[in-house]
Amino acid sequence: MNIEFKEINFEGYDIHKNNTYDDKLNTSIITYTIKDTKGEYDEKRSPGPSYLYPHILVLAKSFKSNNKSHTLFNETKDLYSWYKSLVNSMDEHPIALKEKVNELTQNASTDEEKIKNIYYWVQDNIKYIAFEDGIAGFKPDESQNVFKKRYGDCKGMANLTRQMLKQAGFDARLTWIGTKRIAYDYSTPSLSVDNHMICTLIKDGEKIFLDGTEKFNSFGEYAERIQGKQVLIENGNDYILEKVPVLPSVNNQETYNFSAKINDNALVGNVSRTYNGESRASILHYFNSFKTDNKEKALTSYLDNDDKNLSVSNITTSNFENRDTLLTIDYVLSQQNAVSSFDNEIYIDLDYKKEFGKFEFKNRNTDYLFSHKKHITSNISLEVPNGYRLSEFPKPVQVDTDNYKIEVQYSQKGNIITYTKTFILKNAVLKTNDFEAWNETIKALSTLYSEQLILTKA
Amino acid sequence: MNIKSLLLILFLSITYLNSAQVTSTKYLEESKEFSWGNDPAFNDEIPDKWKNESAVIIYKNISYHLEKFGGISSAKLHYIKSTRKRVKLLDKAAIDNFSELSFENQYNPTERMNAYMKKSNTILGIKIIKSNGKIINVNVSDDAVVTEEVTKVAVPNLEVGDIIDYYIYKLDHDESESVSYKPEEHTLTESYPVVDFKLYIEARDHFFINFNSYNGSPEIKQLDSPKKSIRRYEMSASDLEKSDFPNWFYPLAELPCYKLQVYFARSNRYEKITSGFLPEEHTIIKKEVTDEDIITHYKRTFKPYGNLGPIEKYFKQTSAKNYQQKATKAYNFIRHYYLTRLLEAVYGSEAKILNPYEVYGSNGLFFQTRVNFINYYIAYLKDNKIPYEVILGKNRYDGAIEDLLLSRNLEAVLKIKTKKPLYISLLSKHSNIGYIPPTLEGINAYVLTYKKHKLESIKKGELPVSIAENNESLTKMDLSFNDDFTTINVVRNNAYKGHSKTDKQDEILLVRDYINAEHKKYKTKSYLELVKNKKLKAKQENELNALFEKLETKRKEKLLKTAQSETDLENLTNFSFKILETGRENFNDYFVYEDVFTAKNNFMKKAGKNYIFEVGKLIGGQISLKDKTRDANVYRDYARTIKNEININIPEGYTVSGLDKLNINITNETGAFLSVANIEDGKLTIATHKTYAHNFEAKENWPKMVAFLDAAYQFTQEKILFKKI
């Protein structure tokens, strides 16, 4: 047997390898010994284990039998060959999809509309239920089965998406991919390098990736877990290697705008929230999971945080079934117990959310991964009541590093105080060597959050 | 773990498990006929008022088939329950919900302990009716995952507008002459609205049925039957809104519901030994329980029984001033001798450190049932010529005594007829004489009177209700700040009395907190003192010490978390605690412990040179009612009082403003929230007091409760200003 034992993440560990040959058994015996290691980390939102722990990838390249050499996975093309053989062995009858495809495309005026109708139909109507025993772990379920059952796993959904798009006349391909959880790419020929399947649409020379498991994902947008990862696209007997583009954080922007006035012990005014990209997709997914009769209550609970101090009214939103456009929510907010009066002074706790105020890392050993590149901007304006003036502002916090940017500050123009916050997690990760500086920033942020605005009677 | 190895394991486990039966085929045809046969013509229309629901159950049917096989002398029994639902799916959430159906693999409707050896069959039948009328029969075995406890089935091809019509048919097989099946008590409503509901029972001879409908639920009717030996019954209800139980509510006490219990007794002889309130004849459904039933059932239950040797020995070395003291000492002795004395060994046995039977033998160590314990105490009362009664009550949450039907709904309380009566209801690690479970307080109950220790008569009587002042929790906090106000130092004294005490004792006390004092008091030996072999004793002593050290570490962690959640303070450090009083002697004694810690001062907000302190938060989270409407009566566990006393050392160089907001008084007949704040000798003292006056309030009084609940919540939002001089 020709096996390569690829050693990964061995640096820094006390590992010895011993290679002997047993003449009687005619076998190589390779012994790895490791000493003095810590246990696995019990931390949430860590990178996948293939990034963290020492391990061995057993790459079975080939074997000789009766002087004849049989290739297993010697190179990437061998891996692709095996995958393709599974695909070829499927008993596809996509004619079963024709009626639905016609229904979804006949009234569409552009190609993009046709593609979206099909892609979104798969997202909305195929439930993720995985039965992956035996070969079903690698061979996709036939498209007509997934269609009929209305459920499938990622391979089933990718295959259905492919077949439906092909029925509509588009060039759609099955595509293997290892998500961010996996540290490898296709330069290593092994079953361990991928864990997911999507569909690639090739149109006008461009490749667009479609993932039916990402509910409410907008056409042309990509989930964080596949961004920057290499994909293996079927191309007959050959294959294409490509990379999913990395998208900037601003695509996921979430904004919050509140124009507040003081009313007794409360801050009252109009709020406008917007969501885009992955922040939009996750909100849509959340709300659409509620029963119809609970949806209104769910929205109110989301906006008022189920907090007695918050009352929301006059709620208007953009269409919650549209996953392409900016999602907006507007309402009137009354924030009780935000204002305290003592003698001639008014003390205001302007910021309800105080994002990241307690987000310090203590004794954490692994990088911290966010679900997506967060990009949050918040603007709260406060009208200073007649006869009062503001004494001083808390000191701003301004930090901009490779992995994050935090900017929180106050300013004043006329009788309007403006409080702006920006939080950007540029790469959806905080690395362990970021922690020290990050903690310092959070301490400063926490101090700013604990400082009240003071209005004194002039 | 690599996804591929995970898949491999999944592959192996599913292949193995799928070789077991996904769903029984033996009774498949019968199950279909039983569950889907005899269908009325459905019009599948949804009432307009429910068009906005997630799903609507067009038809729900729960059917029981009580079948007996073989001749008169055989007793092969089938107890079959089939639950069928025909549901129209109106949104995606409903599709998600019904795309996966699951059922427990084991069905055990009897009370038998060794039921795992029984054969039981569960059959799932599913069909889908598409919106165009096409009917699809689902092959349940195709996409199922069987685990040890549960089988999950994926339902294919569901779309909004479809109807899913499924049943879960469960068959229990038994061979016995006398069986009491588990009773069932249900409200008519469930999580989706129901257009039509039917309960159906078909029973062979010698199956006895208790059934009644309550709170406006329709009555059960007898139907015609082809054979004399088969009886058929049906209860129908319609237009059932979905259940939406509010907080502080007992559904069975108020909402339409039914209670059902089935028994089997092959003949008269077996009727007598079958446990429960059996109907006179199997042909009659028993709807209520009479005084005669109670007398018959409990005639020989309560009687003096037990070896009083240990208790007599104890009383030779102790004396008591009056009956009250005597009864209390007797109770506490019994609690020690028959329970806590053995606890160290029980823990050691569970940790596989020792075998308690080697030291204690196996005779008469614990009371097997509450009745055994009550009978032992009755033996003591007999010995001391103290009169008593036995009270049989129904818990507040399942309805009034007049509605008694199921024997499992009755709980016994022993009443000692001293001048001031004493009640005994149970025996546990920290229980006291005088304790009545909150679920039995204030109820109207059966009172069994005894003459010469034989049941003489039966009448009705009430159990007393505890008052708020006796169910008290009192927390005194002394606070000081460090120089830059970033941390807060806290010393708390936490005291609990009455019902407020029981949960805390169970949560906090460990046996080693009190057992040595008990051994000394009652002159009994601990487990280790009874171990004869020196080597074994040394080994077990070490292991027990290690075990209890572990428990103490866990306890400290738990108490730190408790301190955090009770004060809403965070990042606690330098945490220590001390138990000051165990409160185990008398029901009205306080359980007291002290805890000390330093916390991050998240309640202090900088305001220029001054500081705003969110002092209100220190009394802990309060009920926050966003929606103040309520259309249901209020059932609380018990009346109670929660008191807080906060003492803050005012930092040097600062004065305090804002006390006016801390002086509050909202009092009415349902309860109160009061707060008084004072400054004296450089100390700010705030005393708060929240009372729930009763364990029940009529819904008309809800606005009065809201008044003091809102006041308590608003208090937590109040702040004071530390102003720099």
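**Sheet and helix packing in a predicted model**

Biologist: Which residue of S20(A) stands opposite A:Phe258?

Modeller: This is a predicted model, where local features need pLDDT of at least 70, side-chain atom pairs count only at pLDDT 80 or more, totals for chains, interfaces and linings use all residues, and side-chain values use heavy atoms, leaving out hydrogens and water. Residues are numbered from 1 along each chain as its sequence is written, with chains lettered from A and ligands numbered from 1 in written order. Strand S13 (residues 253-263) of chain A pairs in the parallel sense with strand S20 (residues 375-383) of chain A (two strands pair if DSSP finds at least two bridges between them; strands are E runs of at least two residues, helices H or I runs of at least four, both numbered from the N terminus). Opposite A:Phe258, in S20(A), stands A:Ile380.

Biologist: How many bridges pair S13 and S20 of chain A?

Modeller: One of them has A:Ser259 and A:Ser381 of S20(A) as partners. The two strands pair in the parallel sense, and the bridge count is nine.

Biologist: Which residue of S14(A) is the bridge partner of A:Ala260?

Modeller: S13(A) and S14(A) run antiparallel, joined by ten bridges. They form a hairpin with two residues between them, and A:Asp264 in the turn has a positive phi of about 65°. Within S14(A), A:Ala260 has as its bridge partner A:Gly269.

Biologist: Which are the edge strands of the open sheet in chain A?

Modeller: Line the eight strands up and the order is S15-S16-S14-S13-S20-S24-S23-S22, with mixed pairing. An edge strand pairs on one side only, and here those are strand S15 (310-317) and strand S22 (397-400) of chain A. From one strand to the next, the twist averages 15°. So, to name the edge strands once more, with the pairing rule in mind, they are S15 and S22.

Biologist: Which strands of chain A does helix H9 touch?

Modeller: Start with helix H8 (residues 295-304) of chain A, which lies across strand S14 (266-275), S15 and strand S16 (327-335), running at about 125° to S15(A). Helix H9 (residues 435-450) of chain A packs on the sheet too, and its direction makes about 25° with that of S23(A). Contact means heavy atoms within 4.5 Å, and the strands touched by H9(A) are S22, S23 (404-413) and S24 (416-425).

Biologist: Why are H4(A) and H6(A) called roughly antiparallel, rather than roughly parallel?

Modeller: The axes of helix H4 (residues 111-125) and helix H6 (residues 154-167) of chain A come within 10 Å and cross at roughly 155° (axes are lines fitted to C-alpha atoms, for helices over the stretch in contact, and angles run from 0 to 180 degrees between N-to-C directions). Under 35 degrees counts as roughly parallel, over 145 as roughly antiparallel, 65 to 115 as roughly perpendicular, and the rest as oblique. Therefore H4(A) and H6(A) come out as roughly antiparallel.

Biologist: Which residues of H6(A) make the contact with H4(A)?

Modeller: From H4(A), the contact uses A:Ile115, A:Ile118, A:Trp121 and A:Val122. The residues on both sides divide into eight nonpolar, one polar and no charged. H6(A) supplies A:Met157, A:Leu160, A:Thr161, A:Met164 and A:Leu165.

Biologist: And in chain B, how is H7(B) placed relative to H8(B), oblique or parallel?

Modeller: The axes of helix H7 (residues 309-316) and helix H8 (residues 323-337) of chain B come within 10 Å and cross at roughly 125°. That makes H7(B), relative to H8(B), oblique.

How values were computed: Ala, Val, Leu, Ile, Met, Phe, Trp, Tyr, Cys and Pro count as nonpolar, Asp, Glu, Lys and Arg as charged, and the others, Gly among them, as polar.
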